[in-house]
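This briefing is meant for someone meeting the structure for the first time. Please look over the sequence and the model before reading the points that follow.

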Amino acid sequence: MARKALRVIRYDGPSPISPSRSKTFFSGYAKLDQALEYVEALLPEQEVIQGARRVTLRMFPHMALRELMANMLIHQDFSITGTGPMICIFDGRIEFTNPGSSLVDVARLLNDPPHSRNEKMAAICR
């Protein structure tokens, strides 16, 4: 699992031409919250006043980011060497990638039942 550490890269602009910062999380998947906090700190946010309250509006909802990160880590193909899970943050978008091809036909993502490549890890994380 050490060779499958999560890497987060922040790029300036919409393309991977100019990376501005990068961090690798070797602490393991049990400490997913540390990586999630780091990713959220790199994303744009806006404070607005709603009534008498100041509210922070994030570009992406916390629960959506957490679910995407967990799925990316759980469903990767551990037999592929030389690569690991990665989160790339660009201006206006974020990309989650992991080793391995999809177990479900991309055209059927909404209709087919979910499949897990790593059933034991998925069960532990549930």
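In which sense do strand E5 and E6 pair, and over how many bridges? In this predicted model, strand E5, covering residues 86-90, pairs with E6 in the antiparallel sense, and the pairing runs over 5 bridges. The points below set that pair within the whole chain and then turn to the loop that follows E6.

**The chain as a whole**

- The chain holds 3 helices and 6 strands, and when it is read along the sequence these elements follow the pattern β-β-α-β-β-α-β-β-α.
- Of the 126 residues in the chain, 31% are buried, while the area that the chain exposes comes to about 8,500 Å², with carbon and sulfur atoms supplying 54% of it.
- Among the contacts between residues at least 6 apart in sequence, 53% join residues that are at least 24 apart.

**The hairpin of E5 and E6**

- Within the antiparallel pair of E5 and E6, Ile87 stands opposite Phe96, which belongs to E6.
- The hairpin has 2 residues between its strands, and Gly92 takes a positive phi near 90 degrees there.

**The loop after E6 and its surface patch**

- Leu110 lies in the loop between strand E6 (93-97) and helix H3 (119-125).
- Because its relative accessible area is 85%, Leu110 counts as exposed, a class that requires a value over 50%.
- Together with Val106 and Leu109, Leu110 makes a nonpolar surface patch of about 380 Å².

Methods: Residues numbered from 1 in each chain as written. Predicted model: local features only at pLDDT ≥ 70, side-chain atom pairs only at ≥ 80, totals over all residues. Heavy atoms only, no water. Patch = residues over 30% accessible without salt bridge, like charges linked within 9 Å, V, L, I, M, F, W, Y side chains within 5 Å. Areas by Shrake-Rupley, 256 points an atom, 1.4 Å probe, with all protein chains shown as cover. Salt bridge = Lys/Arg side-chain N within 4 Å of Asp/Glu carboxyl O. Helix = DSSP H or I, 4+ residues; strand = E, 2+ residues; numbered from the N terminus. Buried < 20%, exposed > 50% of the residue type's maximum accessible area, 1.4 Å probe, protein only. Pairing = 2+ DSSP bridges. Contact = heavy atoms within 4.5 Å.
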